[in-house]
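Colleague: Could you take me on a close walk through one part of this model, and then show me how that part sits in the rest of the fold? I would like one connected account that I can follow with the structure open beside me.

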Amino acid sequence: MNASLFRTALLVTLVSISVAGKSNAQSPSGSTAPTAPPGYKLVWSDEFSQEPDGLPDPKKWSYEEGFIRNNESQYYTKARKENARIENGRLIIEGRKEEYTPPGAAAPVAHYTSAALETSGKADWQYGRIEVRAKLPAGKGVWPAIWTLGSNIHEVGWPRCGEIDIMELVGKEPGIIHGTLHYFVDGKHGSSGGSLPVDHPEAGFHIYAAEWNPARIDIFVDDKKYFSLDVGKAADKGENPFHKPHFLILNLALGGDWGGPIDDSIFPQRMTVDYVRIYQRPPPSP
């Protein structure tokens, strides 16, 4: 090879290495750029690093508001930066100990505030891999969750709509991650789940994920699959909530039926979300 051709080949090689490096480069928040698992395609995501500091993207997220479920102590606020914001390329969901007066109220109605973000009415999915990289809060009374509900919940109610709990942690059981499926079968609420010890999930980021196909749902922490459900187990009179679209919810609850007593000395507490990515398998070619 003559010198001119060698220099050209070397330049092409260096450019290729540079491009490859960019495709796997870390985002400002420290996570790697999306790389679809084998056989999957990225169909929806929020990297949070693409947005300025402020409120979450209203085109992607809406809010639950008020006292919602499970006898929890927090009031979920709407579009309030103290409880949900983008900060340094990450989503912060913050639980706070404070007297809170909602807009229009004459007096405080809550002693705790937090946020619950959801994609209801904006995006939902039937099957795929739901992947969230997050660092969790800690302390007695915290109850963070990453989960889905069937988009038909307002028509059929819960648990007929189905629920996929990708990650739940309760402060009275530090370091134990729970994954649970809820459904309705034989005239009553049914559930199946598992748990996995994780060393100090409040100290670093982990990937919490569910892989969902027509046959089964698998729940993961990082690369560890620790629970699987045969979707057929949720069939009831020809209906199955896991054959229908679901929307995603990210929330930090406080206290309640499972969260238990709250230690006021721990606040504020944060669930920090690095990214949310939804992957699906492309339909087979005709």
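Modeller: Let's begin at Ser192, which, leaving out residues up to four places away in sequence, touches Gly179, Thr180, Leu181, Tyr183, Phe227, Leu229 and Lys233. Please keep in mind that this is a predicted model. Ser192 belongs to strand β12, and with a relative accessibility of 8% the residue counts as buried. Two of those neighbours are also polar partners. The side chain of Ser192 makes a polar contact of 2.7 Å with the side chain of Tyr183, and another, at 3.3 Å, with the side chain of Lys233. Leu181 is worth a look too: its C-alpha atom is 5.3 Å from that of Ser192, although the two residues are 11 apart along the chain.

Now step across to Thr180, a residue of strand β11, which spans residues 176-185. Thr180 has a relative accessibility of 16%, so this residue counts as buried. Setting aside neighbours within four places in sequence, Thr180 is in contact with Ser191, Ser192 and Gly193, and also with Glu163, Ile164, Asp165 and Glu168.

Widening the view, β11 and β12 are part of an open sheet of seven strands, in the order β2-β7-β16-β9-β10-β11-β12, with antiparallel pairing. Strand β12 (188-197) stands at one edge and β2 (62-63) at the other; each has a single partner strand, so one side of each has no neighbour in the sheet. As background, strands of a sheet pair through backbone hydrogen bonds. At the β2 edge, two bridges join β2 to the antiparallel strand β7, residues 116-118. There you can find Tyr63 opposite Leu117 of β7.

Leu117 also leads us towards the nonpolar interior, as it is among the residues touched by Leu250. Not counting residues up to four places away in sequence, Leu250 also touches Trp61, Leu91, Ile93, Ala115, Ala116, Val132, Ala145, Ile146, Met271, Val273 and Val276. The largest nonpolar core has 51 residues, and Leu250 is one of those with the most contacts inside it, along with Ile164, Ile177, Tyr208, Phe242, Val273 and Val276. A second, separate core has seven residues, including Ala145, Trp147, Cys161 and Phe247. You may recognise Ile164 from the contacts of Thr180, so to speak a link back to where we began.From the core we can turn to the charged pairs. The structure holds 18 salt bridges. One joins the side chains of Glu87 and Arg270, at 3.3 Å from N to O. Glu87 lies in strand β4 (residues 84-87) and Arg270 in strand β17 (residues 269-280), so this pair ties together parts that are 183 residues apart in sequence. Glu87, at 25% relative accessibility, counts as partly exposed, and Arg270, at 34%, counts as partly exposed as well.

Arg270 has another acidic partner, Glu94, with the closest N and O atoms 3.0 Å apart. Glu94 sits in strand β5 (residues 90-100), and this link again joins distant parts of the chain, 176 residues apart. Glu94 has a relative accessibility of 3% and counts as buried. Arg270, Glu87 and Glu94 are members of a network of salt bridges that also takes in Arg80, Glu82, Arg85, Arg96 and Glu98.

Further along β17, Asp274 meets Arg133 in a salt bridge of 2.6 Å, N to O. Arg133 lies in strand β8 (residues 128-135), so this pair ties together parts of the chain that are 141 residues apart in sequence. Asp274 is buried, with a relative accessible area of 0%.

Arg96, from the network, offers one last path. Arg96 stands opposite Thr113 in strand β6, and three bridges join β5 to β6 in an antiparallel pairing. Strand β6 (residues 110-114) is mostly covered, as four of its five residues are buried. Strand β3 (residues 74-76) also pairs with β6, here in the parallel sense over three bridges, and Tyr76 has Ser114 of β6 as its bridge partner.

Conventions: Residues numbered from 1 in each chain as written. Predicted model: local features only at pLDDT ≥ 70, side-chain atom pairs only at ≥ 80, totals over all residues. Heavy atoms only, no water. Pairing = 2+ DSSP bridges. Salt bridge = Lys/Arg side-chain N within 4 Å of Asp/Glu carboxyl O. Buried < 20%, exposed > 50% of the residue type's maximum accessible area, 1.4 Å probe, protein only. Contact = heavy atoms within 4.5 Å. Polar contact = N/O pair within 3.5 Å; in protein donor to acceptor, adjacent residues only side chain to side chain. Core = buried A, V, L, I, M, F, W, Y, C linked by side-chain atoms within 4.5 Å.
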